[in-house]
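Got a minute to go through this one together? Let's ask how each label is earned.

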4 protein chains.
Amino acid sequence: MFTTRTTYRTRYSDTDQMGVVYYGNYARFYEIGRTEMIRDMGYSYKELEETGVFMPVAKVEANYKKPLYYDERITIETSLKKMPAARMEFFHTIYNEAGEVAHTAVVTLVFLSSQTNRPVRVPEYMINALSKLSDLE
Amino acid sequence: MFTTRTTYRTRYSDTDQMGVVYYGNYARFYEIGRTEMIRDMGYSYKELEETGVFMPVAKVEANYKKPLYYDERITIETSLKKMPAARMEFFHTIYNEAGEVAHTAVVTLVFLSSQTNRPVRVPEYMINALSKLSDLE
Amino acid sequence: MFTTRTTYRTRYSDTDQMGVVYYGNYARFYEIGRTEMIRDMGYSYKELEETGVFMPVAKVEANYKKPLYYDERITIETSLKKMPAARMEFFHTIYNEAGEVAHTAVVTLVFLSSQTNRPVRVPEYMINALSKLSDLE
Amino acid sequence: MFTTRTTYRTRYSDTDQMGVVYYGNYARFYEIGRTEMIRDMGYSYKELEETGVFMPVAKVEANYKKPLYYDERITIETSLKKMPAARMEFFHTIYNEAGEVAHTAVVTLVFLSSQTNRPVRVPEYMINALSKLSDLE
């Protein structure tokens, strides 16, 4: 497994009139989680795009377990459970400030060539980085 | 089955630098779909909240099939496949302007009492409305 | 003067935990207003971009007079008071469902060539359309 | 003058298809700036609300000078130039990663009692904190 943890403070803009974080805003939390994980592999997602590879989201499966409130310091934990190939599956667990699991999600991304707009395989540098940094297979 | 259709024009604010609708903005489309469906049942979601019932989202399963572009007139089709009880499952299909299926999602909501913050059963008026308007069981 | 009116229903995603529309979401309302105005001139903003002209926002001056609530049918009134040249000034008045002025804003946009990334003058078709449709000078 | 600086990394969700941060997302940056400033005064905005005081935005004047791009580490500098009374004026300067001024804004907030929904004066603790921390008059 390869895991990255990052923190985020919830903002007023994240809330809705139920007094909790709007369910649609969790997608931004997944984005923060996977972006910081990719940065940990040695390249930013921005650099990845500059090499002509885009990573659109193909699938989201999300479970809302506890509400998140305004001004909470949440922790976004992001894990890979297997080496990416045509797809890359990110497992997210979001902890509230009390350390409880508030949310889990599995987000699947694919790799697209910006030139052909066709699927491509995972970039070599990611495989290399993950081979060094983890025991993923 | 009980189905509602509503249209929405994608805005610049919906897009990201990939030139398509940001994946996190689809949650607003589901919200539009289910709100208009609830309105079709004779009460608005706003009125529902005024009776002390909230409907937080418990689960999202979403499949991104084709990108949506700026200034597209999309159609959000929302269906119920069974009578809600403790939970209410909304099936969404989003069509792009060309009429192709661009996205599907199943979004599960629960009913909460705003007084006790505990789960409650589906409001009676919904059952009555759905009995009249559909053949749901 | 040249004026366009369009309506919008506020959504849960627009609100924050103060129980009103989040102040940052009004920018989307201005966008809706000016986009529909440009469409009324005979070209969509999308088509404008396809001719290589972008319109970034240069300035916003906004006054929040009354809150907007969830599920209100608001009216976005957008006006031009003079013929655009290097800049285009949109005057927005947002009415709540009761017809009261809830918000006013002046939003200034400039015209940029996507090729040179330099300012350009207002496209000729806009001048022609506005000459026909209004008494702007 | 009393000044707070905080940093923020722009996200994909912040961008639009022009390839820059969407103009409507700057409101969140002002919110981050003023929230961190209020925290620097010894109370969080959350605690302020718990004492029954809300701070809705009354006015925004914003100037967009340079675009902000994806994955930039921006600095949000927030200043008070005079002691707040019935209103509180926040002066924001946003620097891009290269340290250039990309944006300035003045955002005016008022104090409202949540009980009466009427304007109230600035909370005493803010005056006390600002008297100690700054030379504001």
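**Strands, copies and contacts**

Q: In this predicted model, what is the bridge partner of Glu77(C) in β5(C)?

A: The partner of Glu77(C) is Thr93(C).

Q: What makes β4 and β5 of chain C a pair of strands?

A: Pairing takes at least two bridges between the strands. Strand β4 (residues 73–80) and strand β5 (residues 87–95) of chain C are joined by five bridges, so they pass that test. The two run antiparallel, and a hairpin of six residues links β4(C) to β5(C).

Q: How do you know that β5(C) also pairs with β6 of chain C?

A: Use the cut-off of at least two bridges again. Between β5(C) and strand β6 (residues 101–110) of chain C there are nine bridges, with the strands antiparallel, so this counts as a pair too. For a spot to look at, find His92(C), which stands opposite Ala105(C) in β6(C).

Q: What lies between β5(C) and β6(C)?

A: Five residues do, and the two strands form a hairpin. In the turn, Gly99(C) has a positive phi of about 90 degrees.

Q: Why is the relation between chain B and chain A called a two-fold axis?

A: Look at the rotation: 180 degrees, with 0.0 Å of shift along its axis, superposes chain B on chain A at an RMSD of 0.0 Å. That is just how a two-fold axis relates copies. In chain B, the C-alpha nearest the axis belongs to Glu61(B), at 2.2 Å.

Q: What stands opposite Glu61(A) in β3(B)?

A: It's Glu61(B).

Q: How do you know that β3 of chain A and β3(B) pair up?

A: Count the bridges: there are five between strand β3 (residues 57–64) of chain A and β3(B), in the antiparallel sense. The cut-off is at least two, so they pair.

Q: How do you know that chains A and B meet through the same surface?

A: Of the interface residues of chain B, 100% are interface residues in chain A as well, so the copies use the same surface. Each side is listed too: 23 residues from chain B and 23 residues from chain A.

Q: How much area is buried between chain B and chain A, and which three residues of chain B supply the most?

A: About 1,800 Å² is buried, and carbon and sulfur atoms give 55% of that. On the chain B side, Met18(B), Tyr23(B) and Val60(B) supply 32% of the area buried against chain A, more than any other three residues.

Q: What kinds of contact does the rule find between chain B and chain A?

A: There are 12 residue pairs in polar contact, both residues at pLDDT 80 or more. Salt bridges? The count is zero.

Q: Which elements of chain B touch chain A?

A: α1 (26–40), α2 (45–50) and β3 (57–64) of chain B each supply at least two residues. The largest share, eight residues, comes from β3(B). By type, this side of chain B has 14 nonpolar, three polar and six charged residues.

Q: Why is the contact between Asp71(D) and Arg39(A) called a salt bridge?

A: The cut-off is a nitrogen of Lys or Arg within 4 Å of a carboxyl oxygen of Asp or Glu. Here the side chains meet at 2.9 Å, N to O, so the label fits. Across the interface of chain D and chain A there are four salt bridges.

Q: What else is found where chain D meets chain A?

A: There are 10 residue pairs in polar contact, both at pLDDT 80 or more. On the chain D side, α1 (26–40) and α2 (45–50) are the elements giving two or more residues, and α1(D) gives the most, six. The side divides into five nonpolar, three polar and nine charged residues.

Q: How many residues are in contact between chains D and A, and how much area is buried?

A: 17 residues of chain D touch 17 residues of chain A. The buried area is about 1,700 Å², with carbon and sulfur atoms giving 43%.

Q: What rotation superposes chain D on chain A?

A: A rotation of 180 degrees, with 0.0 Å of shift along its axis and an RMSD of 0.0 Å. The C-alpha of Tyr8(D) is the one in chain D nearest that axis, 5.3 Å from it. The same surface serves both copies, with 100% of the contact residues of chain D recurring in chain A.

Methods
Residues are numbered from 1 along each chain as its sequence is written. Chains are lettered from A and ligands numbered from 1 in the order in which they are written. This is a predicted model: local features need pLDDT of at least 70, side-chain atom pairs count only at pLDDT 80 or more; totals for chains, interfaces and linings use all residues. Side-chain values use heavy atoms; hydrogens and water are left out. Copies are superposed by least squares on the C-alpha atoms of residues with pLDDT of at least 70 in both. Contact means heavy atoms within 4.5 Å. Buried area is the accessible area (1.4 Å probe) that two parts lose on being put together, summed over both. A polar contact is a pair of N or O atoms within 3.5 Å; within protein, one must be able to donate a hydrogen and the other to accept it, and residues adjacent in sequence count only if both atoms are side-chain atoms. Helices (H or I, at least four residues) and strands (E, at least two) are DSSP runs, numbered from the N terminus. Ala, Val, Leu, Ile, Met, Phe, Trp, Tyr, Cys and Pro count as nonpolar, Asp, Glu, Lys and Arg as charged, and the others, Gly among them, as polar.
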